[in-house]
Amino acid sequence: MKLTRIVTFLFLLVCLVSEGHAQGVGRNGRADSPLLSSRDVSIIKELNLTDSQVKETRRIGAAYSNRTLKLRSEIIGKSLEFRTLLHDPSASEEAIRAKGKEIEAIDSQLIREKIEFQIEMRKILTPEQLQRWYTVMDQQPATKKPIR
């Protein structure tokens, strides 16, 4: 659960950093974008990322997002197929179990992607930033799990 919150925050951070740079910062020090809350801006400031860290975070976030989006789409498709099999009286148990294993394999790949994302982020952040990052993540409210 904690890993999901961290990954969600990082993805949000990547999006916010990108949006913040595109919109610029107003006179009051807050980003002009309505998508950035004061908390998001303070988190970005709290981590005090360098330009190269911001760039690398964007790159890693975009790659992670692309890979996980593809996997999530696959899970949705397989879940629909699974549901169809369950409702089909002529479907065999083997077919149903096989479809379930396909979903399980994709779900495992999603977990591996989250772990790789974490490892890549650890390479970018300084020990101090990493400590602050995890502290902030532990304070984030729990997010709802997507419906499958």
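1. Two rings of Phe, Tyr or Trp, the six-membered ring being taken for Trp, form a pair if their centres lie within 6.5 Å, and planes under 30 degrees apart count as stacked, those over 60 as edge-to-face and the rest as tilted. In this structure, which is a predicted model, there is one aromatic pair. The ring centres of Tyr64 and Phe117 are 4.6 Å apart and the planes stand at 35°, so the pair is classed as tilted. Tyr64 belongs to helix α3 and Phe117 to helix α4, and the pair thereby links distant parts of the chain, 53 residues apart. Tyr64 is buried at 4% relative accessibility, and Phe117 is likewise buried, at 2%.

2. Tyr64 and Phe117 are also members of the largest nonpolar core, which has 12 residues in all. Besides these two, the core takes in Leu47, Leu49, Val54, Ile60, Met121, Ile124, Leu125, Leu130, Trp133 and Met137. Two or more residues are given to this core by each of α3, α4 and α5, the last of these covering residues 127-139. As general background, nonpolar side chains tend to be buried together in soluble globular proteins.

3. The end-to-end distances of the two helices that carry the aromatic pair can be checked against expectation. Helix α3 has 37 residues and reaches 53 Å from its first C-alpha to its last, close to the 54 Å expected at 1.5 Å a residue. For α4, with 32 residues, the expected span is 46 Å and the end C-alpha atoms are 47 Å apart, which agrees.

4. The buried residues of these helices include polar and charged side chains as well as nonpolar ones. In α3 the buried set includes Gln53, Thr57, Ser65, Thr68 and Ser79, together with Val54, Ile60, Leu71, Ile75 and Leu85. In α4 the buried residues include Lys99, Glu113, Lys114 and Gln118, alongside Ile96, Ile103, Ile106 and Leu110.

5. Of the charged contacts, the structure holds eight salt bridges. One of them joins Lys99 to Glu81, with the closest N and O atoms 2.5 Å apart. Since Lys99 lies in helix α4 (residues 93-124) and Glu81 in helix α3 (residues 51-87), this pair ties together parts that are 18 residues apart in sequence. Lys99 is buried, at a relative accessible area of 13%, whereas Glu81 is partly exposed, at 36%.

6. Lys99 has a further partner in Glu102, the closest N and O atoms of that salt bridge being 3.4 Å apart. Glu102 and Lys99 are three residues apart in helix α4 and are therefore separated by about one helical turn; Glu102 counts as partly exposed, at 31% relative accessibility. With Lys78 added, Glu81, Lys99 and Glu102 are linked in a network of salt bridges.

7. Another salt bridge within α4 joins Glu120 and Lys123, whose closest N and O atoms are 3.1 Å apart. These two residues are three apart, about one turn of the helix. Glu120 counts as partly exposed at 25% relative accessibility, while Lys123 is exposed, with a relative accessible area of 59%.

8. A backbone point also deserves a remark. Most residues other than glycine have a negative phi. Asn48, by contrast, has a positive phi, near 50°. Asn48 is placed in the loop between α2 (38-47) and α3, and with a relative accessible area of 56% the residue is exposed.

Definitions and conventions:
Residues are numbered from 1 along each chain as its sequence is written. This is a predicted model: local features need pLDDT of at least 70, side-chain atom pairs count only at pLDDT 80 or more; totals for chains, interfaces and linings use all residues. Side-chain values use heavy atoms; hydrogens and water are left out. A salt bridge is a side-chain nitrogen of Lys or Arg within 4 Å of a carboxyl oxygen of Asp or Glu. Helices (H or I, at least four residues) and strands (E, at least two) are DSSP runs, numbered from the N terminus. Buried means under 20% relative accessible area, exposed over 50%, partly exposed in between (1.4 Å probe, protein chains only). A nonpolar core is a set of buried Ala, Val, Leu, Ile, Met, Phe, Trp, Tyr and Cys residues joined through side-chain atoms within 4.5 Å. The expected span of a helix is 1.5 Å times one less than its number of residues.
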